[in-house]
Amino acid sequence: MTDKTTLVRRMAWPDSASRPVGTPIQPSVVYASRDPDMLDAQYEGRLDGYTYAREGHPNATVLARKIDQMEGAEGGLVLGSGMAAVAAVLMGICKAGDHVLGGDQLYGRSLRLMRDDLPRLGVATSLADPTDAAAFSAAIRSETRMILLEVVSNPTLRLADIDAIAAAAREKGVLLVIDNTFTTPRGFQPFAHGADIVIHSVTKLLAGHSDATLGYVAARDPALRKAIYDFATTTGMTPSPFDCWLAERGLYSFDLRYDRAEASAKVLADHLAGLPGVKRVLYPTRPDHPDHNRATALLGTRGGHMVSFEIEGGRAAANRLTHAAPDIAFAPTLGDIGTTLSHPASSSHRGLGVEGRAALGITEGFFRVSVGMEPPEMLCAEFETAIAQSQNADQET
Ligand SMILES: *Cc1c(COP(=O)(O)O)cnc(C)c1O
């Protein structure tokens, strides 16, 4: 009953025989139940019903079911960021005394979690090169609980030997966790290649518009799913309903965006390879890629939307390049609707130092492009101009 004497009682939601076509946003933090019996039924799983938004809300559920469909998963969970998903898996499952083995070119913050945070909590970690399955598998220990891998490395776009590592993990009873952010479910299906857990930074190509920060995690085993859910809920890794709504909206065009970006990335990679001043181009489906055969085996013709390249000249040339491409956002992210350009030596990989970067082939002339929706001819022309200017030392910087 509405109390007509006070403004603080909420209005009833208007009845409507018709349904909204767009997904409603539900920002409510709490949900009212009829009585304690009903609350019991909800907590005991006899009745579906939300109680408190940290534990779940409809916009997160809708988004999670959509990504489940893309990954062939069940019961996936949406969290407040990609790193929340990585942390929930590592910290929600591992205990002191366990060991985690990671790829040596993981996303920067995942590396940090492995190097600094897990050891502080008594979980040992080590890294190995996942393009070398024999060396990688040899690094599995008797205490190894899980392996964390990305299929395509950032920014060198090397391909992990997933199938061989998955076989070793299965044989030794080690969980295989795959961060599928770069490849996306359209480029690669981790569960079909032996993954036990799949992670996404939804922030990137899935949401696709650089306006929502979100993560996703799905586990095959319901017991692991529960461990991840409990840890994430206890530590408050909850996503915002509005972000979930934006990401869901982004997903409806994901296939189209992915295909468009990938087609343009191929064209751009080939164009860059023919330009003076370009030392090398990295793109998985190009025959000159160092892991070309594995790329074909794992990705087929799906090279993805990321292209990396290296120009002649040091920092000054790199500065000239970004100056000469003012309309391409120079920003350390990926998966936006528009093309973004990043320079790992001054951003994602600055912490490695010159020698650490040199070991990966990341020089001052190294750039990574996240190709967006622009017409490919336009991108090729912009990069051609920018690279030509970068090689012209008479340009002011
Ligand atoms: C961006 C990214 C993350 C982290 O995701 P956030 O949503 O930024 O927290 C994790 N893994 C990979 C591969 C990424 O690109």
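Colleague: What makes the pair formed by Gly-82 and the ligand a polar contact?

Modeller: A polar contact is a pair of N or O atoms within 3.5 Å; within protein, one must be able to donate a hydrogen and the other to accept it, and residues adjacent in sequence count only if both atoms are side-chain atoms. Here a backbone N or O atom of Gly-82 is 2.8 Å from a ligand oxygen. The pair therefore qualifies. The model is predicted: local features need pLDDT of at least 70, side-chain atom pairs count only at pLDDT 80 or more, and totals for chains, interfaces and linings use all residues. Residues are numbered from 1 along each chain as its sequence is written, and side-chain values use heavy atoms, without hydrogens and water.

Colleague: How do you know that Met-83 and Thr-203 also make polar contacts with the ligand?

Modeller: A polar backbone atom of Met-83 is 2.9 Å from a ligand oxygen. For Thr-203, a side-chain N or O atom lies 2.6 Å from an oxygen atom of the ligand. The protein covers 92% of the 380 Å² of accessible area that the ligand has on its own (Shrake-Rupley method, 1.4 Å probe; for residues, only the protein chains shown count as cover).

Colleague: Which residues come nearest to the ligand, and what classes make up the shell?

Modeller: Being near takes a heavy atom within 4 Å. There are 13 residues around the ligand, and Gly-82, Asp-179, Ser-201, Thr-203 and Lys-204 come nearest. The shell has 5 nonpolar, 5 polar and 3 charged residues. Ala, Val, Leu, Ile, Met, Phe, Trp, Tyr, Cys and Pro count as nonpolar, Asp, Glu, Lys and Arg as charged, and the others, Gly among them, as polar.

Colleague: Why are strand 1 and strand 3 called edge strands?

Modeller: Strands are DSSP runs of E, at least two residues; helices are runs of H or I, at least four; both are numbered from the N terminus. Two strands pair if DSSP finds at least two bridges between them. The open sheet of 7 strands runs 1-7-6-5-4-2-3, with mixed pairing. Strand 1 (77-79) and strand 3 (124-128) each pair on one side only.

Colleague: How do you know that strand 1 and strand 7 pair?

Modeller: They share 3 bridges, in the antiparallel sense. At least two are needed, so they pair. Leu-79 has Gly-215 in strand 7 as its bridge partner.

Colleague: What leaves one side of strand 8 and of strand 10 without a neighbour?

Modeller: The other open sheet has 5 strands in the order 8-9-12-11-10, with mixed pairing. Strand 8 (278-282) and strand 10 (329-330) stand at its edges with a single partner strand each, so one side of each has no neighbour in the sheet. Strand 10 pairs with strand 11 (340-342) in the parallel sense over 2 bridges. One bridge joins Ala-329 to Thr-340 in strand 11.

Colleague: What makes the peptide bond from Asn-154 to Pro-155 cis?

Modeller: Its omega is near 0°. Pro-155 lies in the loop between strand 4 and helix 6 (162-172).

Colleague: What is the phi of Thr-184, and where does this residue lie?

Modeller: Phi is near 65°, a positive value in a residue other than glycine. Thr-184 is in helix 7 (residues 184-187).
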